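Work through the following exercises with the sequence and the coordinates at hand. Each task is followed by a solution that proceeds step by step.

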Amino acid sequence: MTRKQTRLAVIAGGMGFIAVAVLLVLFAFSQSVAYFYMPADLAKTPVNAGTLIRLGGLVREGSIVRGQGTQVQFSVTDGADTIKVKYDGILPDLFREGQGVVTEGKFEPGSDVFVADSVLAKHDERYMPKQVADKLKADGVWKGEEASQ
């Protein structure tokens with residue numbers, strides 16, 4: 001091989017390595033993306049069971065039912081629609097009815113019950129997750145102070 005052919009082979013090998021690395025990173029990111037939805041969004045366009053999503057809204061009044069151990073069921077609402085949520089774990093200390101919440105998980109196959117892997121609640125009197133507050137304000141449901149980030 002001449003020096004020119006050797007140089008081209010090294011450049012082509014390096015570009016191939018970079019392309020494979022980029023494809024692997026993109027594949028990893030696509031597997032961990034969780035899209036954000038409100039209950040009204042899910043009523044319009046349902047998602048497939050097993051798809052990882054974030055569900056946000058307000059904890060519906062009178063909907064918290066504690067089961068055995070750390071099992072709990074509650075409903076998330078945006079004023080228009082409501083989604084039933086199951087969670088097995090320790091809830092945040094400030095989790096309560098009427099407060100903003102973001103849950104991450106999947107829908108049970110063949111059911112409209114959302115099984116949450118994690119639950120996030122507000123941390124002080126003025127905080128609500130920005131995505132939830134913006135959506136609730138746009139729908140005219142939440143009229144609290146400006147959401148902090």
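**Exercise 1. Describe the secondary structure and the share of buried residues.**

Solution. In this predicted model, the count of elements gives three helices and seven strands. Reading from the N terminus, the elements follow the order α-β-α-β-β-β-β-β-β-α. Turning to burial, the protein has 149 residues, of which 31% count as buried.

**Exercise 2. Which residues form the nonpolar surface patch, and how is Met15 classified by accessibility?**

Solution. The patch consists of Ile11, Met15, Phe17, Ile18, Val22, Leu23 and Leu26, and its area is about 760 Å². To place one of these residues, note that Met15 belongs to helix α1, which covers residues 3-32. The relative accessible area of Met15 is 55%, and because the class "exposed" begins over 50%, Met15 is exposed.

**Exercise 3. Characterise the largest pocket by its volume, its lining and the elements that contribute to it.**

Solution. The volume of the largest pocket is about 220 Å³. Its lining comprises 14 residues, and those closest to the pocket centre are Leu42, Pro46, Ile83, Phe107 and Asp112. Sorting the lining by chemical class gives eight nonpolar, three polar and three charged residues. As for the elements, helix α2 (39-44) and strand β5 (82-88) each contribute at least two residues to the lining.

**Exercise 4. How many salt bridges does a search of the whole structure find?** **For each pair, give the closest N and O distance, the location of the partners and their accessibility.**

Solution. The search of the whole structure returns two salt bridges.

- In one pair, Glu104 is bridged to Arg54, with 3.1 Å between the closest N and O atoms. This pair joins distant parts of the chain, since Glu104 sits in strand β6 (residues 100-107) and Arg54 in strand β2 (residues 53-59), 50 residues apart. Glu104 has a relative accessibility of 22% and is therefore partly exposed, and Arg54, at 34%, is likewise counted as partly exposed.
- In the other pair, Glu108 is bridged to Lys86, and the closest N and O atoms are 3.5 Å apart. Here too distant parts of the chain are linked, with Glu108 in the loop between β6 and β7 (114-121) and Lys86 in strand β5, 22 residues apart. The relative accessible area is 26% for Glu108, which is partly exposed, and 29% for Lys86, which is also partly exposed.

**Exercise 5. Is Val132 buried or exposed, and what C-alpha distance separates it from Gly56?**

Solution. Begin with the location: Val132 lies in helix α3, residues 130-138. The relative accessible area of Val132 is 0%, and because buried means under 20%, Val132 is buried. Along the chain, Val132 and Gly56 are 76 residues apart, while their C-alpha atoms are separated by 5.8 Å.

**Exercise 6. Carry out the corresponding analysis for Val115, with Asp88 as its partner.**

Solution. The element that holds Val115 is strand β7. With a relative accessibility of 31%, Val115 counts as partly exposed, because this class covers the range between the limits of 20% and 50%. Finally, the C-alpha atoms of Val115 and Asp88 are 8.6 Å apart in space, the two residues being 27 residues apart along the chain.

Note on methods: Residues numbered from 1 in each chain as written. Predicted model: local features only at pLDDT ≥ 70, side-chain atom pairs only at ≥ 80, totals over all residues. Heavy atoms only, no water. Patch = residues over 30% accessible without salt bridge, like charges linked within 9 Å, V, L, I, M, F, W, Y side chains within 5 Å. Areas by Shrake-Rupley, 256 points an atom, 1.4 Å probe, with all protein chains shown as cover. Salt bridge = Lys/Arg side-chain N within 4 Å of Asp/Glu carboxyl O. Helix = DSSP H or I, 4+ residues; strand = E, 2+ residues; numbered from the N terminus. Buried < 20%, exposed > 50% of the residue type's maximum accessible area, 1.4 Å probe, protein only. 1 Å grid on protein atoms, 1.4 Å probe; cavity = no way out; pocket = protein on both sides within 12 Å on 5 of 7 lines; lining within 4 Å. Points joined across faces, edges and corners; volume = space filled by probe spheres on them. Nonpolar A, V, L, I, M, F, W, Y, C, P; charged D, E, K, R; others polar.
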